[in-house]
Amino acid sequence: MDLTLPIILIGPMASGKSTIAFELAKLTGVPNVPMDRTRWYYYFRDGYRMETADAFETFAEKMLYWKPFEVSAVIQILRDFPKSIIDFGAGHSHYPDDTQFEIVERALRPLPNVFLILPSDDKEESIQICNQRMKDRDGELAKPVEVNRWFIEHPSNYRLSKHVIFNKSESAQKTSERILKLLK
């Protein structure tokens, strides 16, 4: 199969990015690089400190601390794994800071296969579905409800993506097959 790589999947928590990336890897033979697993290598190499992050009281404060590490990890993973399927962690495509957004946007700009994965074209429904998926998977929710709202309502994901895929009641295999038809 002749594919333009990398294939990038972005979106909120529990939108299906990781499951779809796994399925795409099976269908194509292209390796999957999940940022939620590989990011820590880059974070720690760049000076991230758990005790610093843990000292912040609010999620917003923690996010401000780790955002520069997320930007750096995105750039480095794109450089280190150009022939891969990369599923971003939800925060890796959410940039309220314009300068950070511009750095990531510049890195993704030449890549034609950046897919935003959402359950629905209705933002409120996407929030409800993603949060229900997280509850079904992890148990009770607390902060993720509002965090997913940030990820879904903020324009970063929409501006970074080249394609938007809605997968509300669709299997990962079916969504992956649709993505394969859209690859450039």
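Which residues is R149 in contact with, leaving aside its neighbours within four places in sequence? In this predicted model, they are E124, I127 and H154.

**Figure 1. Surroundings of R149 in helix α7.** Helix α7 spans residues 144–153 and includes R149. Beyond the neighbours within four places in sequence, R149 touches E124, I127 and H154. Q128 lies 21 residues away from R149 along the chain, and the C-alpha atoms of the two are separated by 9.2 Å.

**Figure 2. Helix α6 and its ends.** Helix α6 runs over residues 123–138, a total of 16 residues. From its first C-alpha to its last, α6 reaches 22 Å, close to the 22 Å expected at 1.5 Å a residue. At the N-terminal end, D122 acts as the cap: one of its side-chain oxygens is 3.2 Å from the backbone nitrogen of E124. Just after the helix comes G139, with a positive phi of about 100°. Buried residues of α6 are S126, I127, I129, C130, N131 and M134.

**Figure 3. Packing of helix α4 against helix α5.** Helix α4 covers residues 59–80 and helix α5 residues 98–108. Their axes are 10 Å apart and meet at an angle of about 10°; angles under 35 degrees count as roughly parallel, and α4 and α5 are therefore roughly parallel to each other. On the α4 side, the contact is made by K67, P68, V71, V74, I75 and L78, which meet Q100, I103, V104, A107 and L108 of α5. By class, the residues of this contact are nine nonpolar, one polar and one charged.

**Figure 4. S15 and A14 in the loop between β1 and α1.** The loop holding S15 connects β1 (7–10) with α1 (17–28). S15 has a relative accessible area of 0% and is buried. A polar atom of the S15 side chain lies 3.3 Å from the backbone oxygen of I117. Apart from neighbours within four places in sequence, S15 is in contact with I117, C130, R133 and N167; of these, C130 is also listed among the buried residues of α6. A14 sits in this loop as well. Its relative accessibility is 15%, and A14 counts as buried because the limit is under 20%. Most residues other than glycine have a negative phi. A14, which is not a glycine, has a positive phi of about 70°.

**Figure 5. The cis peptide bond between L5 and P6.** P6 is placed in the segment before β1. The peptide bond that joins L5 to P6 is cis, with omega about 5°. Most peptide bonds are trans.

Terms used. Residues numbered from 1 in each chain as written. Predicted model: local features only at pLDDT ≥ 70, side-chain atom pairs only at ≥ 80, totals over all residues. Heavy atoms only, no water. Helix = DSSP H or I, 4+ residues; strand = E, 2+ residues; numbered from the N terminus. Contact = heavy atoms within 4.5 Å. Axes fitted to C-alpha atoms, helices over the stretch in contact; angles between N-to-C directions. Parallel < 35°, antiparallel > 145°, perpendicular 65-115°, else oblique. Nonpolar A, V, L, I, M, F, W, Y, C, P; charged D, E, K, R; others polar. Expected span 1.5 Å × (residues − 1). Buried < 20%, exposed > 50% of the residue type's maximum accessible area, 1.4 Å probe, protein only. Polar contact = N/O pair within 3.5 Å; in protein donor to acceptor, adjacent residues only side chain to side chain.
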